[in-house]
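Q: Please take a close look at the nonpolar core of this protein and at the sheet and helices around it. I would like one connected account that I can follow residue by residue.

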Amino acid sequence: MQRTLAIIKPDAVEQGVIGKILARIEQEGFTVCAMRMTQLTKHEAEGFYAVHKDKPFFGSLTDFMSCGPCVLVALEAPDAIRKWRDVMGATDPARAPAGTLRQEFGASIERNATHGSDAPETAAFELGYFFRGLELIDR
Ligand code: CMP
């Protein structure tokens with residue numbers, strides 16, 4: 001079993017598709033271990049995306065991620081990191097295959113509806129950034 005962090009980003013919350021994305025998560029066989037809606041501060045978004053701090057899109061990305069509420073979801077499944085990335089599709093919705101969440105709900109490479117951890121070390125950092133161990137339910 002493996003855990004990963006999913007985020008339903010502010011653009012998806014704004015579109016009113018939290019329920020559709022959570023339904024897809026359950027249909028795909030993930031177990032939800034923890035979930036919280038929050039509006040990140042700019043500082044919290046900068047800490048979360050610190051690995052991108054030297055990228056030209058860092059300011060805009062962290063503005064967007066703090067512009068409205070998002071939903072943080074801890075997911076568990078065999079091979080959860082890869083599996084969730086497959087369900088989301090490519091970072092750029094224009095390149096995401098039909099039937100993926102980003103193809104369906106993403107508008108641009110920045111407003112791309114969902115986030116997922118990209119490796120086991122990143123997943124450990126990202127889950128720990130938002131959830132205390134006690135909040136991650138063993139189901
Ligand atoms: P995410 O999976 O949350 O991880 C980093 C985010 O940075 C990514 O999704 C995109 O939203 C954003 N991103 C990546 N590349 C670019 C880019 N070239 N321009 C703007 N935003 C980007």
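A: A nonpolar core is here a set of buried Ala, Val, Leu, Ile, Met, Phe, Trp, Tyr and Cys residues that are joined through side-chain atoms within 4.5 Å, where buried means under 20% relative accessible area. The model is a predicted one, and in it the largest such core has 21 residues, of which I8, I21, I25, F30, V73, L75 and W84 touch the most other members. Two or more residues of this core come from each of the elements β1, α1 (10-15), α2 (18-27), β3, α5 and α6 (101-105).

L75 can be followed further: leaving aside residues up to four places away in sequence, L75 touches Q2, R3, T4, A6, I25, F30, T31, V32, C33, A80 and W84. Another core, of 19 residues, lies apart from the largest one and has A34, F48, C70 and F130 among its members.

The sheet gives the setting for these contacts. Its four strands form an open sheet in the order β2-β3-β1-β4, with antiparallel pairing; β2 (31-38) and β4 (114-116) are the edge strands, each pairing on one side only, and the twist from one strand to the next averages 20°. Strand β1 (residues 2-8) and strand β3 (residues 70-77) run antiparallel and are joined by seven bridges. I8, already named as a core residue, has V71 in β3 as its bridge partner.

Two helices meet this sheet. Helix α5 (residues 80-88) lies across β1, β3 and β4 and runs at about 30° to β1, whereas helix α7 (residues 120-130) packs on the sheet with contacts to β1, β2, β3 and β4, its direction making about 60° with that of β1.

Beyond the core, the ligand is surrounded by K9, Y49, H52, F57, L61, T91, R102, I109, E110, N112 and H115. Among these residues, K9 places a polar side-chain atom 2.7 Å from an oxygen atom of the ligand; for R102, an N or O atom of the side chain is 3.1 Å from a ligand oxygen, and for N112 the corresponding distance between a side-chain N or O atom and an oxygen atom of the ligand is 3.3 Å.

Finally, G99 sits in the loop between α5 and α6. With a relative accessible area of 40%, G99 counts as partly exposed, because that class covers values between the buried limit of 20% and the exposed limit of 50%. G99 and Q27 are 72 residues apart in sequence, and their C-alpha atoms are 13 Å apart in space.

How values were computed: Residues numbered from 1 in each chain as written. Predicted model: local features only at pLDDT ≥ 70, side-chain atom pairs only at ≥ 80, totals over all residues. Heavy atoms only, no water. Pairing = 2+ DSSP bridges. Axes fitted to C-alpha atoms, helices over the stretch in contact; angles between N-to-C directions. Contact = heavy atoms within 4.5 Å. Buried < 20%, exposed > 50% of the residue type's maximum accessible area, 1.4 Å probe, protein only. Near = heavy atom within 4 Å. Polar contact = N/O pair within 3.5 Å; in protein donor to acceptor, adjacent residues only side chain to side chain.
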